[in-house]
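Visitor: I am new to this structure and would be grateful for a guided introduction. May we look at it together?

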Amino acid sequence: MNIIVPVKLVPDLVEELSIDASGTNLDTAWLRLIINEFDDHAIEQSILLKERTGAHVTVLSTNVEGVDDLLFTAAAKGADRLIKFNGDFDSGVNNHALARAMANILKDLNPDLILTGVQANNDLDGSIGPLLAEYLGMPYVGYVSGVNVLGNIVSVRKEYPGGLIGEMEVTLPAVLGIQAAEQPPRYVAISKVRQMMKTINIDEQDLTGLDTLGGPIVKRLFQPEASGRAMMLSENAEEAARQMVAIFKELGTL
Amino acid sequence: MNPDIFVTIEHLRGKVSDISYVMLAAARELAKSTGGKVLAILLGHDAQNLAGNLYADQVLYADHATLADFNPEAYQKILVGIINEYKPRAVFFGHTTIGMDAVGGISAQLGLPLVSSVRSIGADSKLISQICGGKIMAECELPESTALITMVPGDYKPELGQSIQSPPVSSIPVQALDGLRITLKQYIEPETGDVDISKEPLLIAVGRGIQNQDNISLAEELAQEIGGVVCASRPVVDQGWLPSSRLVGKSGSTVKPKVYLAIGISGAPEHVEAITGSDVIIAINTDPAAPIFNIAKYGTTADLFDLVPALTDQIRNNKG
Amino acid sequence: MPERIDYWGIPLAWRPDLIVYSLMFLAAIILLVRFYRQGSLWWRVGRPEVRWNKIYIRIGRLIKYAIVQTRLLSQRYPGVMHIGLAWGFFAFFLGTALATIDSHFIKFLEGNPYLIYKFLLDVFTVFFLFGAVLAAYRRFIQRPPRLTLQFRFTISLLLITVIVLAGLTVESLRLAVERPTWALWSPVGWLLAQAWIASGVTEQSLTNWHIGLWGFHLLLAAITVATLPLSTLWHTLTGPLNIFFSQLDRPVGQLKPVAQNDQNAPIYVKSLQDLTWKQLLDGDACTECGRCQDVCPAHAAGTALSPKQYILSIRQALHRDGPILAADKDSTRAGKLKQLVGDEISQDVLWSCTTCGACVRECPVLIEHVDSIVDMRRQLVIEGQMDGMLQDALANLGRYGNSFGQSDRMRARWTQSVQPKIKDARREPVEYLWFVGDYASYNATLSEITQKTADVFRIAGLDYGILYDGERNAGNDVRRVGEEGLFELLFEKNKAVMEKSTYKAIITTDPHSYNTLKNEYQLDGVPVLHYTELLDQLISSGKLKLSKKTGYKVTFHDPCYLGRYNGIFDAPRHILTAAGCTLVEMPRNRERAFCCGAGGGRIWMEEGTVKERPSEARIHEAIGLDDVNIFVVACPKDLTMFRDAVKTTGQENRIVVKDIIELVSDAI
């Protein structure tokens, strides 16, 4: 079984984010990029499926700073093939254009299953999964937190609010938007990643036909003003506890 | 061009979700700028009654057995037909497990622009989206041609999208829905814990800041002293430290307690959207920049490992 | 004239010399065969390792630990007990050797030399029997939990005691018959001889008994020799071997790197054959004394780890699987064996270790537990077998350079309130580079102490700077967790920043950072000082004047990585005296200080079920000291651990935990 996992790097929200002079892009000076959390889960789910069914896993991403480390880490976890796409990504290509261009290449890879994160924190024109599915003519189910391969269909657990799960069956080939893997993404020793750097190659492919058609026109980016701000209690634990007891009494909780 | 704004109504097992009302309120706002009407699209089976309190000028209702429950493929097929026929100015979808599954395919199939994660409508039909975990807002033009929009809650109260008068319902014909590649086999109920947190008046919530499973006992002890119930944000439940019946958030329960004590929770949008109905939110987080402080009424940066036991002690002594 | 007579009382026609030599020769052959069968497994199964360099130092160790047995004497009762038994046997062995030389080569056991010889042998007999009584009492009445109270140990004790008693009796029988004038030179034998004399038994009977008992003594001796590799006396050979081959190339604070095979691929310890022969010898050398177990904080806390059981599981695996592996490592039978790491020795056991080194310090035969545990952890890390909390900590260390997951830009936030601004060592040359460390930088409650330290440095007129956000976790505990790759990453980043800076020496308040910077960072002789060493220097040179005498009554907790690992004990004590404090030593102090439980990455792991946290036990120990209400520490992790422990044990009103810098500050 052939599984493909498109992944991407997104801004790390641990850092402070700021907007550049143009007002329409993030300031890259202090920007740290990390793997999209949901894509990390998609990689984990694909490795779990590989362990269960012996599938072949290909992980691919666009060639931006930090992509090598991302791909080698996936290989250290068990991915069999790594591909990075070369292209002009500086202007921040939107997901539609990316999906259109990628679909051509993915077609030739003959995937049975494509797993990708259900969304990413910097998506502005929807997430890439459903777009890829449409361009490839495959069905798509998102918010998936469990995948079981049953011959030429997959049974997936789709998350609904309130902890409700919808068990859906999807014919292969299909695209799934992963919300959570069946277990948290595993840790992989850095020495293993470094070993991968010596033993495995990253295939490169050119991504042609990238356009910005249909992308949202961003007029400006700005940081939200807090509509309100909490009344801050003491930093000292004992004092803060006293204040909270007083609040509880006032609210009638105590 | 047709100035009308369409809203895809989301419903689950006989109940319309709050996001539908939020979208109706936003659509109303947008319709003012475009000069059009607001039409709600309701897909279901024997579900006309759900149209009852929708604040819309008209409801387009499609009935089919397959539509009794959500099916991405079925929704895509029918919506594509509706959009092709009516060519509305914009169509709203929820930024949810239902809306997100349907909208992408439609956008790619029809070549229609899509703006996601929209939180509010600005002046001149601007769309204001929330990205990067809510840290950055993006203001976009309303695209030309039918614009597809996914909406997140937060800026419009659901009440604004509800109406006492029922809107007129028109039935629309449904083509055959055979050969679907996606089918719903069954629903799996969440593990019913001993408690239904959505009904609890006092919730003690733990987040990633609790660091490990053992430390949850600090929250349990506090909950016991104060008469509350422990619940959690996604990272805690993902690790298996608390059952999913205690999950508060987009994929878990939406809660409306009198008091919500958020311990070690940063305030990511997926969590926040489920607690905005709380009367009073009190947040404990050592990071003064944590977004939770923007919606909490009271907050402190004291270390939870000092504060929670101290609070438990003081409440205990208070009683005695 | 007094002289030694060969084979007294034995009819020469029986050729007693032939009997003795052939019997002992046979016993020796059997010993050698069995030794080879068991001992050869070490090098046939295990990987090679060079341990026979610096012969003189090794011989020195042999004398100190195997003959004088200094480590055993650290506990009085069992120390005296074992010295009695062991030195007794050294004496008898020497005695027999001398007798053999006297028999066949040079006759010198006559006259005064002979008398002294007899006297000493009798004295050692008393030592021995005293030791044997102590041993019996210990094994049957005291029954300390650290021992393995099984019959095979009793058999050994019985065997050697009966041999000695038989030997004594043989001597007494001869003396009862011969009644030489110099009999008093064998006082004990002569005393016993009185009993025979008084009994009125005939000389002939006495001589017959003598022959019988002599033969019995000989037989028992031969049996002891032949069964040595199978009995609990095996340690008499493996112990000294282990001591001889003990590690002396690296300082204790330096872990050995990951081994590489001929293709330069790393070798991780999955199974027996991945261990070196010395690590396998460690298993066989264990005497099951349990001293390591008694000082282990993980064991005291009730976790799965007992250093003794850990080493014994290596031995068990070696005895059971070794022969199969030695026969053919690639056989199908070998393939079906349980994996050592993870299956035989569970994850739980391996992750519970704090790497405090108390076990290594305590072991009488110099077993190197920590090295093997870290080796095995390296395999667990490769397999990803660790709890979620540790995974998160390592992921954070890799991405942000600290275990808290906070941005590297926040590292120097504690400096904002410090005036004047601390020099940036990356931009201007400084005399001292202060490597601050993660906990001192990021932990909100500890930054007060860090600021105070900066203050004291300023008052002392110290020219110092820090690396601001260029600093990363030094990696000491990352290495001890077994993540060598991550250690290399952090090491490279730190070295890169440090190489661009100009400084004469490095100082740090964190003993863990201190250990790795000093022993593992290859800094080409740049001195690395713990702040207690620095403060000691500043105080004694007069650069830092402590004019106020605090008059506090305090106790001091020696940090594992400062004291036990690097031998710094006096510097903090000098500081306390200079600050006018009266120091009352903890019952377990200096090299025997009891670890707080945070080391070896434990502070990054889930706690699991514990009987009593090591930090809490230590606080209880401190409370036992009358009138001492200040517990002084010199390590940021100690400060956090013990402050928590004081709270959880409810002792806030009885004792307070202070960093040594607070006392210095109070005394300025």
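Visitor: Which helix supplies the largest share of the nonpolar patch?

Guide: This is a predicted model, in which local features need pLDDT of at least 70, side-chain atom pairs count only at pLDDT 80 or more, and totals for chains, interfaces and linings use all residues. Residues are numbered from 1 along each chain as its sequence is written, chains are lettered from A and ligands numbered from 1 in the order in which they are written, and side-chain values use heavy atoms, leaving out hydrogens and water. Helices (DSSP runs of H or I, at least four residues) are numbered from the N terminus, as are strands (E, at least two). The largest share of the patch, 5 residues, comes from α2(C).

Visitor: What accessible area do the residues of this nonpolar patch have together?

Guide: A patch takes residues with over 30% relative accessible area and no salt bridge (a side-chain nitrogen of Lys or Arg within 4 Å of a carboxyl oxygen of Asp or Glu); nonpolar side chains (Val, Leu, Ile, Met, Phe, Trp, Tyr) are joined within 5 Å, and like charges within 9 Å. Areas come from the Shrake-Rupley method with a 1.4 Å probe, and for residues only the protein chains shown count as cover. Among the members are C:W52, C:Y56, C:W87 and C:F90, and the patch has a total of about 980 Å².

Visitor: Is C:F90 buried or exposed, or in between?

Guide: C:F90 is found in helix α3 of chain C. Buried means under 20% relative accessible area and exposed over 50%, with partly exposed in between (1.4 Å probe, protein chains only). Because its relative accessibility is 36%, C:F90 counts as partly exposed.

Visitor: Which helix gives the largest share of the largest nonpolar core?

Guide: A nonpolar core is a set of buried Ala, Val, Leu, Ile, Met, Phe, Trp, Tyr and Cys residues joined through side-chain atoms within 4.5 Å. The largest has 79 residues, of which C:Y310, C:M376, C:L486 and C:I506 touch the most other members. Its largest share, 9 residues, comes from helix α12 (residues 307-327) of chain C.

Visitor: In what order do the strands of the open sheet lie?

Guide: Two strands pair if DSSP finds at least two bridges between them. Strands β8 and β10 of chain C run parallel and are joined by 3 bridges, with C:V554 opposite C:I630 in β10(C). The edge strands, each pairing on one side only, are β9 (582-583) and β11 (656-659) of chain C. The 4 strands of this parallel sheet in chain C follow the order β9-β8-β10-β11.
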